[in-house]
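Q: Please take a close look at one part of this structure with me, and follow it outwards to whatever it touches. I'd like the cut-offs spelled out as you go.

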Amino acid sequence: MLWSELRDLKDEIDYGTPPRAGPVVTLTIDGQSVSVPQGSSVMFAAAQARQSIPKLCATDTLEAWGSCRLCLVEIEGRSGFPASCTTIVSEGMAVRTQSEKLQQLRKGVLELYLSDFPAEDVEGGWSEFHEALAQCGVTSHPYDAIETHLDSDVDASNPYFLFDPAKCIVCNRCVRACEEIQGTFALTVQGRGFDSKIAAGMDEPFFESECVSCGACVQTCPTQALVEKSLFEGEYSRG
Ligand code: SF4
Ligand code: FES
């Protein structure tokens, strides 16, 4: 069963951030007027207006985190490019979700992720990451990456799912799902910058940690770094 079903979100659209209730605020998204409850994110309002903003760390079953920087938008009267998942709507706000500059910025973000993602899993792969690549027209990257996570060991200790750190973009969705959906707190992000990584328990194999195998992390992972073993025949291998 999908988490969206468990959470009674029957709509197939992922609104990016959870729904809010309360007085309504009206704004424009790419010139189109849309009204959403106060406290909603710009990303949520854009989804209501059926303007899809690329995203990786956001999903409507979890509170926004704002780490991947893919969902940038332009807001009239504001400088810079705020993340739409963590920016809250206000009355009369005018948002642009598409422009050449935004396209360029999003492409740059995805190219960086792609430079540290197993090349053999890019073509034909299916995940939200692959969808975002397609949405932004990214098929290759210009980097000659000196350091990558591509030789990291796969944790296949859990009988139902495995964790392939080479595909992890440290978006924190699994950590938030573990906390917010399951209330287990089995996962954390350890380290900083390039060295940051997802750790189960006290940095131990998933099956030896407090993980209760609920599958919330697997369900929410946008890259299939956490993935059900049943999807693979025999031994897991990249590509
Ligand atoms: S394992 Fe998946 S959900 Fe967790 S941080 Fe990595 S990419 Fe995100
Ligand atoms: S989706 Fe908004 S920062 Fe990641």
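A: Happily! The centres of domain 1 and domain 3, taken over C-alpha atoms, are separated by 25 Å. Their contact draws 10 residues from domain 1 and 12 residues from domain 3, where contact means C-beta atoms, placed from the backbone, within 7 Å. On the side of domain 1 that touches domain 3, six residues are nonpolar, three polar and one charged. Here Ala, Val, Leu, Ile, Met, Phe, Trp, Tyr, Cys and Pro count as nonpolar, Asp, Glu, Lys and Arg as charged, and the others, Gly among them, as polar. The bounds come from an automatic or database domain assignment: domain 1 is 1-98, domain 2 is 103-135 and domain 3 is 161-231.

A word on the model itself: it is predicted, with local features needing pLDDT of at least 70 and side-chain atom pairs counting only at pLDDT 80 or more, while totals for chains, interfaces and linings use all residues. Residues are numbered from 1 along each chain as its sequence is written, and chains are lettered from A and ligands numbered from 1 in the order in which they are written.

Now for the part I'd pick: helix H5, residues 173-182. Helices (H or I, at least four residues) and strands (E, at least two) are DSSP runs, numbered from the N terminus. The buried residues of H5 are Arg173, Cys174, Val175, Arg176, Ala177 and Cys178; buried means 20 or more other C-beta atoms within 10 Å of a residue's own. These pack against strand E6 (187-190), strand E7 (197-200), helix H6 (216-220) and strand E8 (226-228). Just after H5, glycine 183 takes a positive phi of about 70°.

Cysteine 217 shows the packing from the other side: leaving out residues up to four places away in sequence, it touches Cys174, Ala177, Cys178, Leu187 and Leu226. Cys174 and Cys217 are also among the residues that touch the most other members of the largest nonpolar core, which has 58 residues. Such a core joins buried Ala, Val, Leu, Ile, Met, Phe, Trp, Tyr and Cys residues through C-beta atoms within 7 Å.

Arg173 and Cys174 appear once more at ligand 1, where they are among the closest of 14 surrounding residues, along with Cys168, Cys171 and Cys221. Membership needs a C-beta atom, placed from the backbone, within 6 Å. This shell holds 10 nonpolar residues, three polar and one charged.

Technical notes. Buried ≥ 20, exposed ≤ 12 C-beta atoms within 10 Å, placed from the backbone. Contact = placed C-beta atoms within 7 Å.
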